[in-house]
Amino acid sequence: MDISSFNPPRRILMGPGPSDISPQVLQAQSRPIIGHLDPLFVNMMDEIKALLQYAFQTQNAHTFAVSAPGSAGMETCFVNLVEPGDKVVVCINGVFGQRMLENVERCGGVPVVVEDSWGEAVSIEKVSQTLEQHPDAKILAFVHAETSTGVASDAQALCALAKQHNCLTIVDAVTSLGGIPVKVDEWGIDAIYSGSQKCLSCVPGLSPVSFSQAAVSKLTSRNSKVQSWFLDQSLVMGYWSGEQKRSYHHTAPVTALYALHESLLALYKEGLEQSWQRHADMHSQLADGLTELGLDLMVDQSCRLPQLNLVAIPNGVDEAAIRAKLLNNYNLEIGAGLGQFAGKAWRIGLMGYAARKENVSLCLAALAEVLG
Ligand code: PLP
């Protein structure tokens, strides 16, 4: 076999994730390996927990990073909180709401779907009506920031509705955390998961999660065992909990957690509000530039995500050829449309470390050139 070391080029990642990561986070990953039960490592895990509590704006003790990507964070919430026969209201306005539905079905839950058009926010009115019609519903699940469309839904209003109807909430914050406000305690979110590779600007493969006391109570009073051993939070608790002596559950991805520590520290030092503002500022610069190029943003301003921009492909343009030129000539990655938007839109990400002036300028200049 003629195989040599893999040396990827340095790309600028302005797609739907993974996003650009800073040199500091990259370097953190190459520090020496230590044992995952080494007291120094255990101390670092405690710091990650504190930094995640800050990022999620929560005091929840059950806050940590699942050793697997965002989809595993999603499964963590569903397999632990949905028992066979539980009615779950699932909001679908894109790919990831659809994936939530899959999870409910696979857990033996009884899904009630609230559907909204792709490119629109989850309708508060429809969710309200559905919760009225299904007083036995136990959980409301929705995606805060739909990466397939670039739409933000009103998580605060949806959580308030869920509380009025005695439902727990499961919230997907994979793309929202760090890029727009996510306030777990203030909004009363019960179970939330995110991903390391979006606005946290860390290496992919980790999923921060947080469970409220009500979610932990539901989990600890289950009638049936969680069907996934790995994701069963009653077992993981002993590993991440600061109060008890840490016990072996699985081997932590040691160097990926160094990177998460470094990226969360950067977010803490910058400050959440400053990070949200930076994403908003970079978005408005990008939006202005795209308009000057004659390109249209497809999502209404009222629910547009700053960190994920859905751009309509002009008539007659070969969208894949444009993306290939950006990649080959500029080392710049933007995303293709997903699901209903495949072939109709590009997705330009401004996530975390990628939400910088130089990236916006490069993206606009490169697009101007390749579109001719
Ligand atoms: N939820 C949303 C909103 C996402 O954007 C993604 C990934 O893009 C996921 C869940 C799944 O995360 P992962 O690809 O890390 O498994």
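Tutor: Before we start, a word on the record: UniProt annotations may be inferred rather than shown by experiment. Also, the structure above is a predicted model.

Student: Thanks! Which residue does the UniProt annotation "binding site" cover?

Tutor: According to the unreviewed UniProt entry, the "binding site" annotation covers Arg-347. You will find Arg-347 in strand β13, residues 345–349.

Student: What makes Arg-347 count as buried?

Tutor: A residue is buried if 20 or more other C-beta atoms lie within 10 Å of its own. Arg-347 has 22 C-beta neighbours inside 10 Å, so Arg-347 counts as buried. Leaving aside neighbours within four places in sequence, the residues in contact with Arg-347 include Gly-15, Pro-16, Leu-308 and Gly-337.

Student: Now the helices. Why are α2 and α10 called oblique to each other?

Tutor: Let's take the angle. The axes of helix α2 (residues 39–56) and helix α10 (residues 254–270) cross at roughly 40° and come within 9 Å. Angles under 35 degrees would count as roughly parallel, and 65 to 115 as roughly perpendicular. An angle of roughly 40° fits neither range, and α2 and α10 are therefore oblique. Their crossing is left-handed.

Student: Which residues make that contact?

Tutor: Among them are Phe-41, Met-44 and Leu-51 of α2, and Val-254, Leu-257 and Leu-264 of α10. The residues of this contact divide into 14 nonpolar, 1 polar and 1 charged.

Student: How do you know that Asn-166 is exposed?

Tutor: Here the cut-off is 12 or fewer C-beta atoms within 10 Å. Asn-166 has 12 such neighbours inside 10 Å, so Asn-166 counts as exposed. Asn-166 sits in the loop between α6 (155–164) and β8 (168–172).

Student: And why is Asn-331 called partly exposed?

Tutor: Partly exposed is the class in between exposed, 12 or fewer, and buried, 20 or more. With 14 C-beta neighbours inside 10 Å, Asn-331 therefore belongs to the partly exposed class. Asn-331 is placed in the loop between α12 (319–330) and β12 (332–336).

Student: What is phi in Asn-166, and what is phi in Asn-331?

Tutor: Phi of Asn-166 is near 55°, a positive value in a residue other than glycine. Phi of Asn-331 is also near 55°, again positive. Most residues other than glycine have a negative phi, and most peptide bonds are trans.

Student: Where is there a cis peptide bond?

Tutor: A cis bond joins Gly-17 and Pro-18, with omega about 5°. Pro-18 lies in the loop between β1 (12–14) and α1 (23–28).

Notes
Residues are numbered from 1 along each chain as its sequence is written. This is a predicted model: local features need pLDDT of at least 70, side-chain atom pairs count only at pLDDT 80 or more; totals for chains, interfaces and linings use all residues. Helices (H or I, at least four residues) and strands (E, at least two) are DSSP runs, numbered from the N terminus. Two residues are in contact if their C-beta atoms, placed from the backbone, lie within 7 Å. Axes are lines fitted to C-alpha atoms, for helices over the stretch in contact, and angles run from 0 to 180 degrees between N-to-C directions. Angles under 35 degrees count as roughly parallel, over 145 as roughly antiparallel, 65 to 115 as roughly perpendicular and the rest as oblique. A crossing is left-handed if the near helix is turned anticlockwise from the far one by less than a right angle, and right-handed if clockwise. Ala, Val, Leu, Ile, Met, Phe, Trp, Tyr, Cys and Pro count as nonpolar, Asp, Glu, Lys and Arg as charged, and the others, Gly among them, as polar.
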